[in-house]
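Let's take a walk through this protein chain together. Have the 3D view open and turn it as you read.

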Amino acid sequence: MTTAQPEPAPRPRPADAPELRLSVWPTAQRDARTQRRGRYLPDSTAHPAKMLPAIAATAIARYTEPGDLVADPMCGIGTTLVEAVHLGRDGLGIEYEERWAGLAAANAAHARRQGAAGTAEVIRGDARLLPGLLPPGTAGRAALVITSPPYGPSVHGQVQAEQRRGTEGGVRKYDNRYGQDPANLAHQGVDELLAGFTQILAGCTLLLRPGGLAVVTARPWRQHGELVDLPAAVIAAGERAGLVPVARCVALIAGLRDGRLIARPSFFQLDNLRRARRRGQPWHLIVHEDVLIFRALPGGSAAARPEPGHGAGQQHVWPVPGQAGELAA
């Protein structure tokens, strides 16, 4: 099993408030395609690792009030932002890749056209430099951060069956990369990924208001046959960043019917499972994501405080029509 090195992952602490008790979120009663249909622009399907909208919506509804600021430092196609503005919250997203930053802004604008009451802003930049990217007036304002680190390529992408001619043909994989920039955390090794994600969470301590929450979704994946225990590593990363773990919930990515789980695995999950079982390895489908909940302490993290001029030239704001600058007011 591969885990974060060199520090062992701590055992999660018990919840410190009734609303943060261990719980199971039935977030896949509708499949992902149905959840996004009409609510997100069609180009959104090309992103290799989208958060399930119901996971973001559940966290926002449970832990914020209308008018609160909800942020995502790795916002991808803007799932957190879309669900926030539909629930009457404001959204702030940071995204490294230009393609996805533009799409996140477009999805937020699409939500506004559908009558969403909240506002949103998307900044293209490296979230590892988060303190230098924050718009004026947003530091210490966020009630909630929702994000997810990138997973291994074995759970990314879509497939298309090719035309078969005799023994030829097969399955083609596509939309399985975030982008081509090797500096993107999605292309880093496990240790580099966790170091970068720790930097991002440290930056979030400056964005969150005292007592604000950070919700990180994560699930393990297999790399060269070994299980990468990403949830445990994320708990350790949050603690190193100055956040306090307060709860660990389960968000189902399978449907729940009459007390039974209805799995909705990807082609790759099934293919890997079947190959492993033919080798005599008792693998099972992963049908949930860990929802790791952290609380921000007053004062934020010293590690996140920007140096003079830090982040200069890194920021590019993608305007959402009809709301430019509203978050900074």
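Here's a spot to land on: leaving aside its neighbours within four places in sequence, Asp68 is in contact with Arg89, Asp90, Ala143 and Arg209. You'll find Asp68 in the loop between H2 and S2. Is Asp68 buried or exposed? Its relative accessible area is 12%, under the 20% cut-off, so Asp68 counts as buried. The side chain of Asp68 also reaches the backbone nitrogen of Glu65, at 2.7 Å. Keep in mind that what you're looking at is a predicted model.

Now zoom out for a moment. The protein chain has seven helices and 15 strands. Of its 329 residues, 49% count as buried. How much of the contact map comes from residues far along the chain, 24 or more positions apart? Taking contacts with a separation of 6 or more, those pairs account for 76%. As for the outside, the protein chain exposes about 15400 Å², and carbon and sulfur atoms supply 51% of that.

Next, find helix H3, residues 79-86. Seven of its eight residues are buried, so the rest of the structure largely encloses this helix. Which ones are they? Thr79, Thr80, Leu81, Val82, Glu83, Ala84 and Val85 are the buried residues of H3. Notice that Glu83 is on that list, along with Thr79 and Thr80. If you're checking which way side chains point, recall that an α-helix has 3.6 residues a turn, so residues three or four places apart point the same way.

What covers the buried residues of H3? On the helix side, the cover includes H2 (53-63) and H4 (98-113). Among the strands, it includes S2 (69-72), S3 (90-95), S4 (120-124) and S5 (142-147). Follow the chain just past H3 and you reach Gly88, which takes a positive phi of about 80°.

Helix H2 is worth another look for its aromatic side. The structure holds one aromatic pair. Its partners are Trp25 and Tyr63, in a tilted arrangement with 6.5 Å centre to centre and 50° between the planes. Trp25 lies in strand S1 (residues 24-25) and Tyr63 in helix H2, so the pair ties together parts that are 38 residues apart in sequence. Both Trp25 and Tyr63 are buried. There's a ring with a charge over it too: Arg279 lies over the face of Trp283, at 5.8 Å from the ring centre.

Move on to strand S8 (residues 208-218), where you'll find Leu208. With a relative accessibility of 4%, Leu208 counts as buried. What does Leu208 touch, once residues up to four places away in sequence are set aside? Gly140, Ala142, Ala143, Leu144 and Val145 are among its contacts, and the list also includes Leu213, Ala214, Leu243 and Ala296. Ala143 should ring a bell, as Asp68 is in contact with that residue. You can also check Leu208 against Pro298: they are 90 residues apart along the chain, and their C-alpha atoms are separated by 9.3 Å.

Finally, the cysteines. How many disulfides are there? The count comes to zero. Cys75 has a relative accessible area of 5%, so it counts as buried. Cys249 is buried as well, at 1% relative accessibility.

Technical notes
Residues are numbered from 1 along each chain as its sequence is written. This is a predicted model: local features need pLDDT of at least 70, side-chain atom pairs count only at pLDDT 80 or more; totals for chains, interfaces and linings use all residues. Side-chain values use heavy atoms; hydrogens and water are left out. Buried means under 20% relative accessible area, exposed over 50%, partly exposed in between (1.4 Å probe, protein chains only). Helices (H or I, at least four residues) and strands (E, at least two) are DSSP runs, numbered from the N terminus. Contact means heavy atoms within 4.5 Å. Rings of Phe, Tyr and Trp (its six-membered ring) pair if their centres lie within 6.5 Å; planes under 30 degrees apart count as stacked, over 60 as edge-to-face and the rest as tilted. A charge sits over a ring if NZ of Lys or CZ of Arg is within 6 Å of the ring centre and within 35 degrees of the ring normal. Accessible areas come from the Shrake-Rupley method with a 1.4 Å probe; for residues, only the protein chains shown count as cover. A polar contact is a pair of N or O atoms within 3.5 Å; within protein, one must be able to donate a hydrogen and the other to accept it, and residues adjacent in sequence count only if both atoms are side-chain atoms. A disulfide is a pair of cysteine sulfur atoms within 2.5 Å.
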